[in-house]
Amino acid sequence: QVDDQASDQVKAILNDEVHNRVEDMLTLLKTKLKRAELFKSMDLSNQSTNRKKYLDPLIDLGWVEMEFPEEKTHPNQTYITTDSGIRILELIS
């Protein structure tokens, strides 16, 4: 029961401070995906506004990393959940 309560509190904080799709994104990105694949799986359009709203905050927090961080628009760019992201996922799952 305590674990469920803590998980609910962490989810509420993430929803307020980051966005309500954190769990979905971190789960999907346990496997490397291109942005288009990720957003399609989440029923989001592959537009820069969605990147800025959903993906960039997780990269900034260190929960998701890019395969080619020095070249954001690399044609083979993929994203994957980091160890920190996995720990967050374990807290909220």
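The secondary structure of the protein chain, in this predicted model, comprises five helices and two strands, where helices (H or I, at least four residues) and strands (E, at least two) are DSSP runs numbered from the N terminus. Read from the N terminus, the order of the elements is α-α-α-α-β-β-α. Local features are reported at a pLDDT of at least 70 and side-chain atom pairs count only at pLDDT 80 or more, whereas totals for chains, interfaces and linings use all residues. Residues are numbered from 1 along each chain as its sequence is written, and side-chain values use heavy atoms, with hydrogens and water left out.

Along the principal axes, the C-alpha atoms of the protein chain fill a box of roughly 45 × 25 × 20 Å. The radius of gyration of the protein chain is 13 Å, which agrees with the value near 12 Å for a compact globule with 93 residues; this radius is taken over C-alpha atoms, and the globule rule is 2.2 Å times the number of residues to the power 0.38. Of the 93 residues in the protein chain, 37% are buried, buried being under 20% relative accessible area, exposed over 50% and partly exposed in between (1.4 Å probe, protein chains only). Among the contacts (heavy atoms within 4.5 Å) with a separation of 6 or more, 50% are accounted for by residues 24 or more positions apart.

In helix α5, which spans residues 83-92, the residues Gly85, Ile88, Leu89 and Ile92 are buried. These residues lie on the same side of α5 because they cover an arc of only 100° around the axis, the arc being that of the directions from the helix axis to the C-beta atoms. Asp83 and Glu90, by contrast, are exposed on the other side of α5. Two of the buried residues of α5, Gly85 and Leu89, also figure in the surroundings of Lys30, a residue of the loop between α2 (22-28) and α3. The C-alpha atoms of Lys30 and Gly85 are separated by 9.2 Å, although the two residues are 55 residues apart along the chain, and Lys30 touches Ile80, Thr81, Ile86 and Leu89 when residues up to four places away in sequence are not counted.

The loop between α3 and α4 holds both Met42 and Asp43. Met42 counts as buried, at 3% relative accessibility, whereas Asp43 is exposed, with a relative accessible area of 72%. Asp43 has a positive phi of about 60° although it is not a glycine. Leaving aside neighbours within four places in sequence, Met42 is in contact with Arg21, Asp24, Met25 and Leu28; the C-alpha atoms of Met42 and Arg21, which are 21 residues apart along the chain, are separated by 8.7 Å.

Two further loop residues count as partly exposed. Gly62, placed in the loop between α4 and β1 (64-66), has a relative accessibility of 30%, and its contacts, not counting residues up to four places away in sequence, are with Thr82 and Ser84. The C-alpha atoms of Gly62 and Thr73 are separated by 19 Å, with their positions 11 residues apart along the chain taken as the sequence distance. Asn76, found in the loop between β1 and β2 (79-81), has a relative accessibility of 44%. Apart from neighbours within four places in sequence, Asn76 is in contact with Lys34, Glu67 and Phe68, and its C-alpha atom is separated by 9.8 Å from that of Leu33, 43 residues apart along the chain.

Rolling a probe the size of a water molecule over the atoms shows where empty space is left. On a 1 Å grid over the protein atoms alone, a pocket is an open set of points, where a 1.4 Å probe fits, with protein on both sides within 12 Å along at least five of seven lines, and lining residues have an atom within 4 Å of a point. The largest pocket holds about 220 Å³ of space, a volume being the space filled by probe spheres set on the points, which are joined across faces, edges and corners. The lining of the largest pocket comprises 14 residues, of which Arg35, Lys72, Thr73, Gln77 and Tyr79 lie nearest its centre. At least two lining residues are supplied by each of α3 (35-41) and α4 (48-60), and the largest share, three residues, comes from α4. By class, the lining has five nonpolar, four polar and five charged residues, with Ala, Val, Leu, Ile, Met, Phe, Trp, Tyr, Cys and Pro counted as nonpolar, Asp, Glu, Lys and Arg as charged, and the others, Gly among them, as polar.
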